Amino acid sequence: MLTHIIKRFLQAIPTLWIIVTATFVLLRLAPGGPFDTEKPVSPEIKLQIEAHYGLNEGLHVQYLRFLGNLLKGDLGPSYQYAGWDVQEIIAQAFPVSLELGLWALLVALLIGIPLGVFAALRHNKPSESALMAIATAGICLPSFVLGPMLLLAFAISLDWFNPLGWNYASDRVLPALTLGLMYGAYIARLARGGMLDVLQNEFIRTARAKGLSLSAVVGRHALRSALQPVVAYLGPATAGLISGSFVVETLFFIPGLGPFFVNAALNRDYTMVMGTVLFYAILIITFNLIVDLVQMWMQPRTRNE
Amino acid sequence: MLSNVSFINKAFFQLASLVLAFGWCACAKKQTNVERGIQNGELYIGIGAEPAALDPHLTTGLTEYSVMLALLEGLTTLHPKTMAVEPGVAQSWVISEDRKRYTFHFDPEARWSNGDRVTPEDFIFSFKRILSPALGAPYAYMLYPMRGAEAFHRSQSIDFGSVGVSAPDAHTLVIELESPTPYFLNMLSHNTWWPVHPPTILEHGAITDRISKWTKPGKFIGNGPFILERWRLNNGISVVRNPHYRKHSKVGLNGIHFLPIAVQSEERAFRAGHLHLTSSVPIHRIDWYRKNHPERLRFDTALGVYYYMLNTKSGPLADTRVRQALAYSINREDLTKHILRAGQKPAYHFTPPNTGGYQARARLPYDPQLARKRLAEAGFPDGKEFPKLQLLFNTSESHRTLAVAIQQIWKRELGIDIELHNQEWKAYLATRQSGNFDILRAAWYGDYDDPNTFLSLGESRNGNNHTNWHDPHYDALIKKAAKETDPVARMELFQEAEAILIEALPVIPIYFYVTSRLIHPAVKGWYPSLLDNHPYQAIQLKK
């Protein structure tokens with residue numbers, strides 16, 4: 001197990017290097033630079049500004065310096081927000097995105113798994129079709145449509161919640177639903193598929209034949225195997241959920257990481273883009289590793305592979 | 001499958017409890033920001049976007065200005081209502097006869113938020129900082145009217161002693177100008193002329209350090225009516241009353257919260273009582289407010305013009321008659337009334353009305369027939385053989401709407417086809433800089449209340465003139481205006497320049513900007529302002 005973890009970490013290094021390098025190159029290929037403004041400064045002044053950030057040197061020098069700083073754990077200053085370091089911004093914004101993401105994950109699991117399992121048990125019945133239609137609609141409904149709809153219903157018409165902000169416990173509800181429902185719908189489909197597969201197995205029939213109740217069969221025997229695809233999906237899903245959503249965080253005015261991610265690219269805030277991309281990549285790799293470990297625990301067969 | 005039931009019930013019970021929890025969360029109604037603010041004398045303002053910095057020497061935008069106005073103060077201030085120049089750190093000043101030497105006498109009560117006195121030396125330090133080429137201050141050119149400032153900033157002189165600023169004693173600052181600059185006192189209220197606290201700057205880095213952290217809460221030392229208390233990116237900036245402020249007792253608010261809520265969400269925040277004041281109003285909500293709450297809707301003329309920039313280098317746009325045809329065929333009244341709808345004014349000249357008391361006399365006509373005639377004279381009768389030109393704008397729904405409307409107008413009136421192109425902001429800026437465009441959407445906001453800030457844009461040496469149009473006579477007029485001491489004669493020079501610009505039309509003015517805001521009735525002392533300058537000292541919250 002430990003060797004497996006170490007091996008995976010070692011594998012992550014070249015992956016991260018490729019991601020960082022590709023991002024670096026793509027960023028420099030994008031037209032416009034971080035210090036282009038509506039009222040452009042004179043070329044001499046622009047050179048001075050760029051010199052502050054080492055942008056006047058050759059690309060290879062900049063690249064090597066970036067890698068060097070990265071090894072020292074220094075992501076550099078943001079180009080867009082003078083006086084703020086990339087680390088500082090991530091440290092400030094990530095906990096918020098993390099919290100929102102975990103709530104959304106809870107919503108997704110609480111809705112997705114029961115719905116999926118229920119649909120599988122009602123296979124080929126109208127209620128299954130209805131549920132799966134809802135789930136498909138849920139997947140297709142983007143957060144920039146769902147969010148305003150929830151807002152209109154629960155914040156504006158019913159006045160149950162604040163329409164934006166991140167100050168009270170109740171402020172978590174609508175953003176978590178907006179973010180979580182889509183994932184929930186997807187999980188429902190995965191759980192249904194997994195469950196249908198498992199229910200056809202011999203051991204389920206045996207268990208039923210022995211007189212076990214359906215809930216015992218599903219809960220004790222089927223669920224663990226049926227949720228394999230859900231667990232595999234949870235790795236990237238969790239990384240995606242907790243790294244912040246541009247739409248949801250902007251819509252609900254939540255001080256998370258999502259808007260920084262997108263705005264950094266639009267502003268050509270090179271260091272900020274590199275920082276957020278790297279951070280996101282590390283999250284994905286970590287969560288994929290966790291998923292692997294969980295799957296090993298769930299599926300003894302894979303343990304020795 | 002009867003035993004399904006209990007299991008299914010369980011699953012539904014789980015869902016039902018989730019819904020219940022959802023309802024429970026929604027209980028107890030909270031006090032809104034607006035209510036709390038009125039109770040505590042704290043103003044909640046939407047600023048639309050996160051400020052890029054709070055360093056007065058590095059910022060360029062109005063968002064940043066609106067926050068820094070609470071934290072810092074220059075030699076002069078502007079009256080909240082009349083925008084007349086009023087004392088700031090300088091309580092009085094004497095102007096020499098040739099109007100090239102200003103002697104400022106400091107207010108002995110002017111203090112930094114740590115209690116230090118604001119001294120003339122602090123200003124000299126600040127001017128040196130912003131003019132140091134190594135700082136890379138984007139707006140340093142605002143100080144160019146000061147003698148020797150441009151040479152120092154352009155590294156033609158490395159001795160700051162050659163710049164026309166001195167402190168003969170501990171309460172007096174003398175500024176010498178290159179030439180009489182009628183709008184000089186007005187300019188002093190711009191953030192580029194504001195002081196920074198030298199010990200604070202030096203404590204956090206060198207004088208020319210851009211990446212310094214001195215603007216963080218707890219470190220920021222300012223001399224304005226408020227002190228920086230809290231700053232979280234994308235969450236809000238809070239300031240509280242500064243007890244060391246020179247007119248501390250005249251400040252009507254205990255604090256201000258600046259919330260960078262995206263402009264699309266601001267109206268919602270306002271409606272829910274999160275904001276006393278928004279930075280804008282979405283077009284689709286304007287009619288609703290007009291009908292239901294006209295008292296909450298505010299339109300203020302702004303010192304800005306929306307225009308199309310034409311690349312006159314080659315092709316049909318090099319021909320003045322083609323440019324005239326394009327400009328004359330646009331029905332601006334229709335555009336402002338039916339498409340823009342937020343009270344914008346149609347622009348028949350370039351300089352917004354009443355800029356520094358100047359009203360342009362030159363007007364371009366709305367005359368489709370004349371436009372067709374001009375196009376025919378240029379060799380394109382009914383738009384025949386006219387090459388397909390591109391109209392480029394930065395990605396935005398409102399720019400697109402307007403571009404589509406104008407595309408249709410040109411098709412209908414002139415029979416020409418224009419292709420619409422959009423690019424995201426930075427790509428658009430790069431294209432503009434490279435001059436690789438035919439027609440380009442642009443906008444200009446005045447830096448100070450004087451026609452010069454608009455008309456100097458047409459000068460051939462101006463870095464923002466990407467049209468490739470130049471006219472030596474025009475350049476000479478703008479230069480002459482800069483030296484003219486008689487205000488009436490000076491305005492005449494601008495009139496003459498504007499007439500040339502409106503005849504040659506390297507730019508097609510479309511409309512003059514308006515700031516639209518939602519304002520809570522409890523906010524008193526917020527007056528219309530051309531430069532969007534709203535001194536917070538004057539603002540009060542009353543039920």
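Two strands are taken as paired if DSSP finds at least two bridges between them. On that basis, in this predicted model, Ile95(B) stands opposite Tyr102(B) of strand S5, and Ser92(B) stands opposite His105(B) in the same strand, S5(B). The two strands concerned, S4(B) and S5(B), the latter covering residues 101-106 of chain B, run antiparallel and are joined by five bridges. In their hairpin, five residues lie between the strands, and Arg99(B) takes a positive phi near 60°.

This hairpin belongs to an open sheet of four strands in chain B, in which the order is S4-S5-S7-S6 and the pairing is antiparallel. Its edges are formed by strand S4 (90-95) and strand S6 (165-169) of chain B, each of which pairs on one side only, and from one strand to the next the twist averages 25°. Packed on the sheet is helix H4 (residues 120-131) of chain B, which touches S5, S6 and strand S7 (172-176) of that chain and whose direction makes about 165° with that of S6(B). Within the sheet, S5(B) is also joined to S7(B) by five bridges, and these two strands run antiparallel. His105(B), which stands opposite Ser92(B), has Thr172(B) as its bridge partner in S7(B).

A further open sheet of chain B has six strands in the order S12-S16-S11-S15-S13-S14, and here the pairing is mixed. Strand S12 (345-346) and strand S14 (418-423) of chain B are the edge strands, each pairing on one side only. Parallel pairing is found between strand S13 (residues 389-394) and strand S15 (residues 439-445) of chain B, which are linked over two bridges; Leu392(B) has Leu440(B) as its bridge partner in S15(B). Helix H11 (residues 332-340) of chain B lies across S12 and strand S16 (507-518) of that chain, and runs at about 30° to S16(B).

Chain A, by contrast in its listed elements, has 13 helices and zero strands. Along its principal axes, the C-alpha trace of chain A spans about 85 × 55 × 30 Å. Two of the helix pairs in this chain are described here.

In one of these pairs, helix H1 (residues 2-29) and helix H13 (residues 270-298) of chain A pack at an angle of about 155°, and their axes are 10 Å apart. Because of this angle, H1(A) is roughly antiparallel to H13(A), the cut-off for that description being an angle over 145 degrees. The crossing in which H1(A) passes H13(A) is right-handed. Sorted by class, the residues in the contact of H1(A) with H13(A) comprise 19 nonpolar, four polar and three charged.

In the other pair, helix H8 (residues 202-209) and helix H9 (residues 214-226) of chain A cross at roughly 145°, with axes that come within 10 Å. H8(A) likewise passes H9(A) in a right-handed crossing. On the side of H8(A), the contact is made by Phe203(A), Ile204(A), Ala207(A) and Arg208(A), while H9(A) contributes Leu214(A), Val217(A), His221(A) and Ala222(A). The residues in the contact of H8(A) with H9(A) divide into six nonpolar, one polar and one charged.

The confidence of the prediction was examined for the model and for each chain. The model scores ipTM 0.86 and pTM 0.88. Chain A averages a pLDDT of 87, and 98% of its residues score at least 70. Within chain A, confidence is lowest in H9(A), where the mean is 80, and highest in helix H4 (residues 86-121) of chain A, at 92; H9(A) is one of the two helices in the crossing with H8(A) described above. For chain B the mean pLDDT is 91, and 94% of the residues reach 70 or more. Over residues 1-5 of chain B, however, pLDDT stays under 50, and for this stretch the model has four contacts beyond four places in sequence.

Note on methods
Residues are numbered from 1 along each chain as its sequence is written. Chains are lettered from A and ligands numbered from 1 in the order in which they are written. This is a predicted model: local features need pLDDT of at least 70, side-chain atom pairs count only at pLDDT 80 or more; totals for chains, interfaces and linings use all residues. Side-chain values use heavy atoms; hydrogens and water are left out. Axes are lines fitted to C-alpha atoms, for helices over the stretch in contact, and angles run from 0 to 180 degrees between N-to-C directions. Contact means heavy atoms within 4.5 Å. Angles under 35 degrees count as roughly parallel, over 145 as roughly antiparallel, 65 to 115 as roughly perpendicular and the rest as oblique. A crossing is left-handed if the near helix is turned anticlockwise from the far one by less than a right angle, and right-handed if clockwise. Ala, Val, Leu, Ile, Met, Phe, Trp, Tyr, Cys and Pro count as nonpolar, Asp, Glu, Lys and Arg as charged, and the others, Gly among them, as polar. pLDDT is the predictor's confidence in each residue, from 0 to 100.
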